[in-house]
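These are my notebook entries on a structure that is new to me. I record what I looked up, entry by entry.

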Amino acid sequence: MKKRYIILPLLCICTALAAQDNNKTDHHTEDSTDVFFRHLQLNELTVTGVTGDTKLKHATAPVSIVTPQVLKATASTNIIDAISRQPGVSQLTTGGSISKPIIRGLGYNRVVVMSEGVRQEGQQWGDEHGVEVDGSSVNSVEILKGPASLMYGSDAMAGVVILHPQATLPEGEMRANVSTEYQTNNGLFGYNLSLAGNQQGFVWDARFSQKLAHAYKNKYDGYVPGSQFRECAGRLMLGINKAWGHSRLTATAYHLTPGIIEGERDPETGELECSTDNVKTYGKALPFQQVKHYKAVWDNSLNLSSGYLKAIIGYQQNRRQEYEESMDEYELYFKLHTLTYDLRYVTNEFDGWKLSTGIGGMYQKSGNEGEEYLIPDYRLFDFGIYATATKALGDRWTLNGGLRYDHRRLHGDALQEDGEMRFTDFSRHFNGLTGSVGAVCNINDHLNLRLNVARGFRTPNMSELASNGVHEGSIRYELGNQQLKAEYSLQADLGLDFTSQYVSAQLALFANRIDNYIFTHRLPGEIEEGYLTYAYTQGDARLLGFEAGIDFHPIHSVHFSNSFSYVDAQLMHATADTKYLPFTPAPKWSSELKWELQHHSHSTVAHHHERHPFHRSLLNNLYIAAGLDCYMKQTHVYSADDTETVTPGYALLSLSAGTDIQVKGKKIAELYITADNLLNRAYQNHLSRLKYADENVVTGRRGVYNMGRNITFKLVVPISL
């Protein structure tokens with residue numbers, strides 16, 4: 001599907017946004033074959049953020065939008081995998097089920113994921129800790145690139161991934177939906193059931209999904225033991241929509257049982273060792289994790305004569321267990337409790353001004369309930385207060401800016417193990433002042449120019465401060481540093497986008513300076529046999545890069561879209577072998593040629609079916625597409641102590657097709673077929689932790705390779721009640 005890359009405001013993003021507009025009509029009612037018309041529609045799209053309703057043409061900072069239609073047509077194993085092809089976005093992977101978002105070279109606790117209106121908290125500091133959100137419950141995604149600490153506080157230094165659920169239905173409507181998918185490489189089978197409605201202002205949305213997959217395969221490793229997983233999730237939303245505003249309560253449960261890929265090989269044959277006789281099992285096989293995430297969110301909005309007042313309170317509980325020797329007894333068990341709150345007031349527009357102010361923060365408590373330890377029990381408390389302003393100067397210029405103050409307190413508990421001090425008792429306090437200022441000039445309907453400068457802030461997490469143990473996901477022993485300072489960044493963004501009837505192009509440049517950047521480096525010797533030792537340290541860094549995209553639209557039904565992403569991340573005042581920040585994504589070029597054989601909106605079908613008999617055909621909105629993703633050779637590596645190695649370049653070819661299936665002009669189903677890595681290329685993504693597993697003594701190749709050819713079939717059946 002066509003990848004959209006547009007510009008949205010840094011100060012005008014919130015947790016309810018594009019899903020509202022996308023849900024007003026069927027996703028096919030917009031004629032996607034007219035690039036210029038679509039661009040004008042997007043420019044006039046109204047979004048709701050901390051500065052109130054805002055049109056996209058008044059935006060300042062870069063964001064990628066992943067629409068509902070793109071999500072449906074994308075083959076993936078999790079929600080981060082589904083959005084990782086967006087310009088400037090990558091994923092750090094450990095197997096098929098675990099992906100972490102990387103934005104412009106930065107990830108882990110530098111990216112905030114928003115789900116159900118609150119920040120997702122699930123021990124995201126770990127390499128093998130993914131995002132505990134059911135992808136089938138996500139309707140659309142926004143990826144904010146650049147410091148967003150003004151709105152989201154500490155950790156939003158690289159950007160924010162906002163996962164939007166399905167918007168509430170219009171009054172009097174009820175809808176059900178059934179979808180299923182199958183993937184050939186790992187035998188993935190998944191299904192999703194949903195029922196939503198709105199009766200006299202009482203709204204509800206109930207969903208259940210399940211996903212099963214055995215080990216994936218590639219032509220070098222065969223089947224990869226430990227890459228199997230099982231996933232089960234449920235969501236229930238109940239609420240009231242009235243003229244005075246709304247009040248909604250949402251509860252979600254997410255269970256994931258992923259295997260752990262150890263990458264150990266037989267010393268004679270070089271084959272990957274497996275703890276079970278059947279590597280294609282859908283069941284558990286040692287070692288594995290058991291992840292359970294529960295969430296309850298109370299979302300309230302009150303309409304006032306001068307604006308509106310919004311309050312969101314959320315509670316999350318994350319349970320993470322690791323089973324290594326026994327199916328019944330876990331060795332490691334983290335239990336994390338998180339309470340978040342956000343209260344904001346937003347004014348209506350007056351004399352071109354729009355103002356907002358708010359307070360938000362969270363409380364966390366994490367405990368160890370297993371026999372192995374990596375980080376200490378800890379408690380965290382933070383709060384932030386902020387204010388923003390937007391001013392429209394005529395029809396062409398819009399200015400915005402804001403300030404925020406944050407305070408965070410961390411306390412780690414002492415622990416003695418076998419008479420030795422494993423963790424010492426300590427407390428740290430951090431204060432941060434951040435801000436943002438931006439401007440956009442709508443030169444005309446075709447051309448927009450944007451500039452934004454923002455300061456970001458991030459405190460060290462507990463893993464960075466106090467780790468002392470084996471981190472199975474990264475296959476190493478990790479040591480924290482209690483003296484680490486908070487990170488501060490200053491980033492400038494310059495954006496330009498142009499749209500005409502035949503060409504749509506975007507360019508986003510950024511320069512980012514980070515003081516006290518935290519990273520790991522290898523220490524000589526081994527604290528525990530079989531595991532390399534790494535310690536956290538910090539230094540100043542700078543990142544430069546850009547994203548560029550162009551879509552040629554030579555004839556009515558053909559699109560040729562291209563995008564290129566590049567980031568150069570370096571430590572300042574460093575030696576040659578420590579010059580580059582570790583695990584920086586390789587430059588990426590994506591290209592797609594798409595042919596829309598039929599594209600007719602259902603409203604047009606209903607109105608013109610007598611004049612145009614083809615509207616009664618079996619297929620509608622039929623397309624075929626060919627894509628090529630090229631990852632350049634990554635030579636900018638932190639090579640000291642063999643921390644990381646150069647990764648060769650590779651190209652992945654894909655083919656896809658999709659259509660609506662209809663009877664007498666009424667859509668009864670949607671069908672999507674996607675073939676990824678069509679040529680079955682054996683490759684290793686530079687951000688894959690499996691790249692550093694054991695060497696195959698027979699072939700001389702080190703690590704585990706990514707998934708081979710994979711064909712996905714997806715069927716979506718909407719039901720109107």
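Is Cys 274 buried, partly exposed or exposed? I looked it up in this model, which is predicted. Cys 274 has a relative accessible area of 35% and is therefore partly exposed, since that class lies between the 20% and 50% limits.

**Entry on cysteines.** I turned next to Cys 232, which is also partly exposed, at 28% relative accessibility. I then searched the whole structure for disulfides and found zero. A disulfide is a covalent bond between the sulfur atoms of two cysteines.

**Entry on strand β6.** I asked how many of the five residues of β6 are buried. Strand β6 covers residues 99–103, and five of the five are buried, so the strand is largely enclosed by the rest of the structure. I checked the two faces separately. Ser 99, Pro 101 and Ile 103 are buried on one side, and Lys 100 and Ile 102 are buried on the other.

I also looked for the pairing of β6. Strand β5, residues 89–93, pairs with β6 in the antiparallel sense over five bridges. Within this pairing, Gln 91 has Pro 101 as its bridge partner. The two strands form a hairpin with five residues between them. In the turn I noted Gly 95, whose phi is positive, at about 85°.

**Entry on cavities.** I counted 18 cavities of 30 Å³ or more. The largest cavity holds about 760 Å³ of space. Its lining comprises 44 residues, and those closest to the centre are Asp 81, Gln 91, Leu 652, Tyr 683 and Asn 706. I had already met Gln 91 as the partner of Pro 101. The elements that contribute two or more residues to this lining are β5, β35 (619–631), β36 (650–663) and β38 (710–720). By class, the lining divides into 15 nonpolar, 24 polar and five charged residues.

**Entry on Pro 648.** I found Pro 648 in the loop between β35 and β36. Its relative accessibility is 55%, so it counts as exposed. I noted that its C-alpha atom is 7.3 Å from that of Met 632, a residue 16 places away along the chain.

**Entry on Asn 186 and Leu 212.** Asn 186 sits in the loop between β11 (174–183) and β12 (189–199). I asked whether this loop residue is buried or exposed. At 2% relative accessibility, Asn 186 counts as buried. Beyond its neighbours within four places in sequence, its contacts include Thr 77, His 214, Phe 229, Tyr 282 and Met 707.

Leu 212 belongs to strand β13, residues 202–213. With sequence neighbours within four places left aside, I listed its contacts as Gly 187, Leu 188, Phe 189, Phe 229, Arg 230 and Tyr 282. The C-alpha atoms of Leu 212 and Gln 228 are 8.0 Å apart, with 16 residues of separation along the chain.

**Entry on backbone geometry.** I recorded a cis peptide bond from Leu 286 to Pro 287, with omega near -10°. Pro 287 lies in the loop between β17 (245–258) and β18 (288–304).

I then looked up positive phi values in residues other than glycine. Glu 116 has phi near 60° and is found in the loop between β7 (111–115) and β8 (118–119). At 13% relative accessibility, Glu 116 counts as buried. Asn 516 has phi near 65° and lies in strand β31, residues 503–523.

Technical notes
Residues are numbered from 1 along each chain as its sequence is written. This is a predicted model: local features need pLDDT of at least 70, side-chain atom pairs count only at pLDDT 80 or more; totals for chains, interfaces and linings use all residues. Side-chain values use heavy atoms; hydrogens and water are left out. Buried means under 20% relative accessible area, exposed over 50%, partly exposed in between (1.4 Å probe, protein chains only). Helices (H or I, at least four residues) and strands (E, at least two) are DSSP runs, numbered from the N terminus. Two strands pair if DSSP finds at least two bridges between them. Contact means heavy atoms within 4.5 Å. On a 1 Å grid over the protein atoms alone, a cavity is a set of points where a 1.4 Å probe fits but cannot get out, and a pocket is an open set with protein on both sides within 12 Å along at least five of seven lines; lining residues have an atom within 4 Å of a point. Grid points are joined across faces, edges and corners, and a volume is the space filled by probe spheres set on the points. Ala, Val, Leu, Ile, Met, Phe, Trp, Tyr, Cys and Pro count as nonpolar, Asp, Glu, Lys and Arg as charged, and the others, Gly among them, as polar. A disulfide is a pair of cysteine sulfur atoms within 2.5 Å.
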